[in-house]
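Colleague: I'm new to this one, so could you walk me through it? Let's take it question by question.

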2 protein chains.
Amino acid sequence: MADIESAAERPVPRKRADARRNEKALLDAAAAAFVASGVDVPVRDIAAKAGVGVGTIYRHFPTRADLIVAVYRHQIEACAEAGPSLLAGGGTPHAALARWINLFVDFLITKHGLAAALRSDDAAFQALHAYFLDRLVPVCDQLLDAAVAAGEIRADIDAYGLLRGVGNLCIGAGSDPRYDARHLVELLLSGLRLR
Amino acid sequence: MADIESAAERPVPRKRADARRNEKALLDAAAAAFVASGVDVPVRDIAAKAGVGVGTIYRHFPTRADLIVAVYRHQIEACAEAGPSLLAGGGTPHAALARWINLFVDFLITKHGLAAALRSDDAAFQALHAYFLDRLVPVCDQLLDAAVAAGEIRADIDAYGLLRGVGNLCIGAGSDPRYDARHLVELLLSGLRLR
DNA sequence: ACAACATACGGAACACTGTTCCGGATGCCT
DNA sequence: AGGCATCCGGAACAGTGTTCCGTATGTTGT
């Protein structure tokens with residue numbers, strides 16, 4: 001059979017086989033390393049685990065943020081897509097918001113150091129920052145709008161601020177048994193309610 | 001006149017004059033450097049600004065936390081002491097708590113990177129962590145107890161968690177105009193109220 | 001004032017990590 | 001197989017924290 005992708009549209013002639021292989025090896029190695037040592041694991045460790053040189057990492061993922069995004073893209077997408085579903089499903093908008101935020105918290109607290117990286121002002125994390133915001137702020141905004149329209153919550157909070165706040169509350173969760181990020185997020189959401 | 005400190009009690013024969021001079025120079029230089037470049041400013045910069053070698057920093061302040069604590073000790077003490085005063089002054093316990101937390105937030109958001117350092121799990125910051133907690137948790141606890149006793153707030157929050165949460169919310173404040181840490185802290189406190 | 005000792009200083013040296021760069025190897029197309 | 005574009009590996013460089021020890025300085029006793 002002829003090649004799937006019809007002609008006339010391929011200025012990008014598909015990468016070399018070894019390049020694709022290495023990219024996959026790096027993604028797998030990075031995913032494992034992130035779990036084992038957090039998203040701040042040294043570049044050399046990832047390279048070693050993937051069996052490639054450090055140059056290869058930088059070629060495929062110019063910044064650490066690119067690598068992190070590549071590793072977690074699926075989960076972030078899933079989270080973003082869950083927003084509208086929750087809103088459409090039964091329950092009040094505030095309940096949907098709470099459930100959605102909870103998904104976000106679940107995601108963050110299981111990713112060692114990710115919340116801190118999100119907050120970092122290091123230039124290498126700009127892309128990470130941007131991706132999360134681009135993808136999640138509109139979803140959060142939609143949920144907030146619905147809850148405000150339903151008269152359930154105060155109108156003086158924006159999606160950006162809320163997400164940053166929740167992200168911040170998740171920093172360090174998982175490395176301190178005495179710190180309950182989820183509880184604090186609940187408190188924050190509760191503070192949003194009109195009374 | 002005889003020496004001020006009476007005999008019989010001085011196992012510590014007072015440091016050398018140059019040592020005292022350097023310690024002060026270091027404190028001044030560090031304070032200035034923290035303001036200019038945050039608490040993560042390179043050790044060498046502080047040493048240069050103080051006109052000493054890096055070895056001298058480590059001799060006087062073995063960890064960065066020691067230096068940070070030394071620089072901010074007065075302000076932290078002032079914050080701790082303000083707790084009982086606020087409680088004794090007029091107003092409800094919840095109002096006192098809110099005002100006190102606000103002092104804490106004021107302190108943190110004006111110290112570039114301090115909130116993040118507080119949250120860091122780097123061993124070098126253990127002492128910082130410990131000092132803040134030792135000094136402020138009891139005060140916060142007292143305020144929380146009073147507010148709970150007055151029936152103003154939920155009882156399911158502990159001082160440690162609240163302080164960590166507030167500290168976390170302050171991370172990055174001051175380096176992002178779109179992020180309003182104070183507002184989020186207000187929301188959190190509002191979520192604490194019984195309704 | 002001077003000597004002798006304890007203390008403190010300076011900065012070179014090392015360790016660790018991120019990042020760049022290029023000679024050489026490898027896959028791909030003809 | 002030949003030839004070229006692409007990609008790889010890892011040495012090399014840069015920035016930062018930390019240690020260490022020969023040297024300088026202050027202090028004390030005479």
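Colleague: Which residues come nearest to DNA strand D?
Modeller: Keep in mind that this is a predicted model. There are 22 residues around DNA strand D. The ones that come nearest are A:Asn22, A:Val52, A:Gly53, A:Gly55 and B:Gly55.

Colleague: And which helix gives the most to the surface near DNA strand D?
Modeller: Several helices each supply at least two residues there: H1 (17-37) and H3 (54-60) of chain A, plus H1 (17-37), H2 (43-50) and H3 (54-60) of chain B. By class, that surface has nine nonpolar, five polar and eight charged residues. With four residues, the helix that gives the most is H3(A).

Colleague: What about DNA strand C, which helix gives the most there?
Modeller: Around DNA strand C there are 22 residues, and A:Ala17, A:Gly55, B:Val52, B:Gly53 and B:Gly55 come nearest. At least two residues each come from H1, H2 (43-50) and H3 of chain A, and from H1 and H3 of chain B. The classes here are nine nonpolar, five polar and eight charged residues. As for the helix that gives the most, with four residues, that's H3(B).

Colleague: Now the protein chains: which helix of chain A has the largest share of the side that touches chain B?
Modeller: In total, 22 residues of chain A are in contact with 22 residues of chain B. On the chain A side, H8 (159-169) and H9 (181-192) each supply at least two residues. The largest share, seven residues, comes from H9(A).

Colleague: How many residues of each class are on the side of chain A that touches chain B?
Modeller: That's the side where 22 residues of chain A are in contact with chain B. Sorted by class, they come to eight nonpolar, eight polar and six charged.

Colleague: What kind of axis relates the two copies?
Modeller: Chain A can be laid on chain B with an RMSD of 0.1 Å, using a turn of 180° and a shift of 0.0 Å along the axis. The copies are thus related as by a two-fold rotation axis.

Colleague: Which C-alpha of chain A is nearest the axis?
Modeller: Picture the turn of 180° that lays chain A on chain B. In chain A, the nearest C-alpha sits 1.7 Å from that axis, and it belongs to A:Gly191.

Colleague: Why do the copies meet through the same surface?
Modeller: You can compare the interface residues of the two chains. The copies meet through the same surface because the share of chain A's interface residues that are also interface residues in chain B is 100%.

Colleague: Let's zoom in on H2(B): why are its buried residues on the same side?
Modeller: The buried residues in H2(B) are B:Ile46, B:Ala47 and B:Ala50. They are on the same side of H2(B) because the arc they cover around the axis is only 100°.

Colleague: What do those buried residues pack against, and what comes just after H2(B)?
Modeller: Just after H2(B), B:Gly51 takes a positive phi of about 75°. The buried residues of H2(B) pack against two helices of chain B, namely H1 and H3.

Colleague: Last one: how many helices and strands are there in chain A?
Modeller: Chain A's C-alpha atoms fill a box of roughly 60 × 45 × 25 Å along the principal axes. Of its 195 residues, 39% are buried. From the N terminus on, the elements run α-α-α-α-α-α-α-α-α. That gives nine helices and zero strands.

Technical notes. Residues numbered from 1 in each chain as written. Chains lettered and ligands numbered in written order. Predicted model: local features only at pLDDT ≥ 70, side-chain atom pairs only at ≥ 80, totals over all residues. Near = placed C-beta within 6 Å. Nonpolar A, V, L, I, M, F, W, Y, C, P; charged D, E, K, R; others polar. Contact = placed C-beta atoms within 7 Å. Buried ≥ 20, exposed ≤ 12 C-beta atoms within 10 Å, placed from the backbone. Arc of directions from axis to C-beta. Least-squares fit on C-alpha atoms with pLDDT ≥ 70 in both.
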